[in-house]
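Dear colleague,

Please find the structure we spoke about below, handed over for you to look at in your own viewer. My notes on what was found in it follow directly after.

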Amino acid sequence: MSTYTLKKLDFDLLDYIFEMGGGCVLDFSNQTYTDFFNDELGINIDDDRYCDKGKSKGKRLRSYLKQTKTEDVFRVLTSLWEYRETKRKRASIEEQKPELVSEFNDLLVRLGGKASANTSKSSFVLHNETIDESTAKELLKSLMELADKDPHPRGYAFESFLKKLFDVSGMSGRASFRVLGEQIDGSFELDGETYLLEAKWTNLQVSAADLRSFNAKVQDKAAWSRGLFVSNSGFTAGPPSNNQADSRIFAL
């Protein structure tokens with residue numbers, strides 16, 4: 001990931017892309033703005049450190065983007081872009097200034113992203129990371145050691161192992177968190193998509209009921225959320241067919 005500091009002209013561009021005039025950001029209310037950053041990104045955008053220039057949504061976003069590291073700037077901007085594009089396409093609204101969307105694409109490249117020829121939400125992805133041999137051996141050793149642990153600590157250790165695996169693969173792994181009272185084992189980013197993660201290390205195969213429950217959690221999140229269910233013992237039945245329009249989970 002490159003290191004790039006946003007300039008004034010970059011913020012002028014973001015003002016247009018995310019409709020930040022008058023302190024707004026897209027069509028977010030104060031509550032949905034807070035929920036979006038918390039649920040989708042694991043960020044407390046209401047933190048006092050982001051209110052140093054004011055408490056409007058736009059001023060908090062500018063403050064956050066100035067204070068955070070480049071890879072998190074990239075992650076926030078691509079997530080907001082996905083939200084913007086989902087809303088625009090659902091409303092059948094034509095892009096008014098495609099040349100500025102192209103500039104936004106160029107900005108993501110400067111931040112370390114890899115752009116494709118089109119500007120859909122799947123276009124903005126980070127460069128692939130390669131795991132070196134020593135790291136791969138360390139990961140394999142850690143995975144083999146899990147088998148010797150008792151069931152309860154083994155489950156948490158399995159989640160930690162997966163987070164490390166995602167991190168070294170450049171997929172921005174996040175550890176366990178709660179969303180509106182639901183326990184989610186974590187999440188990661190892949191090709192511009194957010195994947196919620198659920199992982200189980202048990203002697204029994206994961207049931208179809210567990211998969212349906214996880215699928216419901218994923219469907220309750222944003223339209224672009226995906227899910228990955230990892231089970232060391234496999235599954236009694238596959239996840240809902242990925243050919244179904246409402247199915248967004250994968251089993252491994």
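The place I would start is a single aromatic cluster, which is formed by Phe28, Tyr33, Phe36, Phe37 and Tyr83. Please bear in mind throughout that this is a predicted model, and that what follows was computed from it.

In the protein as a whole, the count of aromatic pairs comes to 11. One of them joins Tyr33 and Phe37, whose rings meet edge-to-face, with 5.0 Å from centre to centre and 70° between the planes. These two residues are 4 apart in helix 2, and Tyr33 and Phe37 are therefore separated by about one helical turn; in an α-helix there are 3.6 residues a turn, so residues three or four places apart point the same way. Phe37 also pairs with Phe36, and here the ring centres are 5.8 Å apart with the planes at 80°, so this pair too is edge-to-face. As for their surroundings, Tyr33 and Phe37 are buried, and Phe36 is buried as well.

Another ring has a charged neighbour: Lys66 lies over the face of Phe11, at 5.5 Å from the ring centre.

Turning to the overall picture, the protein contains 8 helices and 8 strands, and of its 252 residues 44% are buried. Among the contacts with a separation of 6 or more, 59% are between residues 24 or more positions apart. The accessible surface comes to about 13,400 Å², and carbon and sulfur atoms contribute 50% of it.

Helix 8 (residues 208–219) has 12 residues and spans 16 Å from its first C-alpha to its last, which is close to the 16 Å expected at 1.5 Å a residue. Its buried residues are Leu211, Phe214, Asn215, Lys217 and Val218, and when helix 8 is seen down its axis they fall within an arc of 155°, so they line one face of the helix.

Finally, there are two backbone angles that you may wish to look at. Glu19, in the loop between helix 1 (8–17) and helix 2 (30–41), has a phi near 50°, a positive value in a residue other than glycine, and Glu19 is partly exposed, with a relative accessible area of 47%. Ser92, in the loop between helix 4 (70–90) and helix 5 (98–110), likewise has a positive phi, near 55°, without being a glycine, and at 64% relative accessibility Ser92 counts as exposed.

With best wishes

Conventions: Residues numbered from 1 in each chain as written. Predicted model: local features only at pLDDT ≥ 70, side-chain atom pairs only at ≥ 80, totals over all residues. Heavy atoms only, no water. Expected span 1.5 Å × (residues − 1). Buried < 20%, exposed > 50% of the residue type's maximum accessible area, 1.4 Å probe, protein only. Arc of directions from axis to C-beta. Contact = heavy atoms within 4.5 Å. Areas by Shrake-Rupley, 256 points an atom, 1.4 Å probe, with all protein chains shown as cover. Phe/Tyr/Trp six-rings, centres within 6.5 Å; stacked < 30°, edge-to-face > 60°. Lys NZ or Arg CZ within 6 Å of the ring centre and 35° of its normal.
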